[in-house]
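Colleague: I am new to this structure. Please pick a single part and take me through it closely, with its surroundings.

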Amino acid sequence: MGRKSVAYYGLFAALGILMGYVEMLIPLPLLVPGMKLGLANVIIVIVLYFLDARAAFFISLARVVLSGLMFAGFAGLLYSLSGALFSYCIMVLLKKTDKFSIIGVSIAGGVFHNIGQIIVASLVVENIRLMYYLPFLLIFGLITGAVIGVVARTSLGYLNRRF
C-alpha cells in the first residue's frame, strides 16, 4: 500500500467517523427507535466507487469499530457492525454486476443495513416481534439510500475531476 492509499484510507475513515458523529447530533423524531439517516454510508459508497471493494471494507470496519467504541458502546457497535456488513456485501455484489446505478447500489445498501440490524437485534433480545419494525425500516432505508446515492454520485463527479 502506497502513501497515497494510506492517506485516502485515513481521510475517508475520518470522514466516515465524522459523518456518524454529526448524525448523532441531529435529533430525528421518527416512528421507529434507532432509525438513522446513515450519513456515514455516503463515504462507504464513495470509497466503493472511487477506490475499490477492499478499501470500502476496511474503511467501513474501521469506522464502525472506532465510532462504536467512542460513541455507541457494545450494543451500538454490534448493531452497526451487523448493518455495515450486510450493507457492504449487497453493495459489492450489485456493483460487480454492473446492472445497477450508484443510486440503486446505495438503496440496496440502506435497505440491507436495516435488515442486518433488525436480525441481530431480534437475536440479541430474543424477540421476533422486532420484525414488526422492518417495513418502516425498509421504507426509510430506501429513501435515505436514494439520497445517499445522489450525494455520493455528485461527490464522485467532483473527486474524479480533481484526482
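Modeller: One term comes first. A crossing is right-handed if the near helix is turned clockwise from the far one by less than a right angle, and left-handed if it is turned anticlockwise. Keep in mind that this is a predicted model.

I choose helix α4, residues 102-125. Start with its partner α3, which spans residues 53-97. The axes of α3 and α4 come within 7 Å. They cross at roughly 145 degrees. This crossing is right-handed. Sorted by class, the contact of α3 with α4 has 15 nonpolar residues, 9 polar ones and 1 charged one.

Now turn to α2, residues 40-50. Its axis lies 11 Å from that of α4. The two helices pack at an angle of about 135 degrees. An angle counts as oblique when it is neither under 35, nor over 145, nor from 65 to 115 degrees. So α2 and α4 are oblique to each other. Their crossing, too, is right-handed. On the α2 side, Val 45, Leu 48 and Tyr 49 make the contact. On the α4 side, Ile 102, Val 105 and Ser 106 make it. By class, that contact has 5 nonpolar residues, 1 polar residue and no charged ones.

How covered is α2? Mostly: 10 of its 11 residues are buried. The buried residues include Val 45 and Leu 48, which we have just met. Ala 40, Ile 44 and Phe 50 are also among them. What do these buried residues pack against? Their neighbours are α1 (3-25), α3, α4 and α5 (134-162).

One link between α2 and α3 can be followed residue by residue. Ser 60 sits in helix α3. Residues up to four places away in sequence aside, Ser 60 touches Ile 44 and Ala 84. Ile 44 is one of the buried residues of α2. Ser 60 counts as buried as well, because its relative accessibility is 6% and the cut-off is under 20%.

Next, look at the loops on either side of α4. Asp 98 lies in the loop between α3 and α4. Its phi is near 60 degrees, a positive value in a residue other than glycine. With a relative accessible area of 67%, Asp 98 is exposed. Glu 126 lies in the loop between α4 and α5. Glu 126 is not a glycine either, yet it has a positive phi of about 55 degrees. Its relative accessible area is 73%, so Glu 126 is exposed.

Beyond that loop comes α5, where Ser 155 is found. Ser 155 counts as partly exposed because its relative accessibility is 26%. From Ser 155 to His 113 the C-alpha atoms are 22 Å apart. In sequence, 42 residues separate the two.

Finally, compare the record. An unreviewed UniProt entry places the feature "transmembrane region" at residues 6-26, 38-62, 68-93, 100-124 and 130-152. Take two of these spans. Residues 6-26 are 95% helix and 0% strand in the model. Their end C-alpha atoms are 31 Å apart. Residues 68-93 are 100% helix and 0% strand. Here the end C-alpha atoms lie 26 Å apart.

Technical notes:
Residues are numbered from 1 along each chain as its sequence is written. This is a predicted model: local features need pLDDT of at least 70, side-chain atom pairs count only at pLDDT 80 or more; totals for chains, interfaces and linings use all residues. Side-chain values use heavy atoms; hydrogens and water are left out. Axes are lines fitted to C-alpha atoms, for helices over the stretch in contact, and angles run from 0 to 180 degrees between N-to-C directions. Helices (H or I, at least four residues) and strands (E, at least two) are DSSP runs, numbered from the N terminus. Contact means heavy atoms within 4.5 Å. Ala, Val, Leu, Ile, Met, Phe, Trp, Tyr, Cys and Pro count as nonpolar, Asp, Glu, Lys and Arg as charged, and the others, Gly among them, as polar. Buried means under 20% relative accessible area, exposed over 50%, partly exposed in between (1.4 Å probe, protein chains only). UniProt positions are given in the numbering used here, feature names are shortened, and annotations may be inferred rather than shown by experiment.
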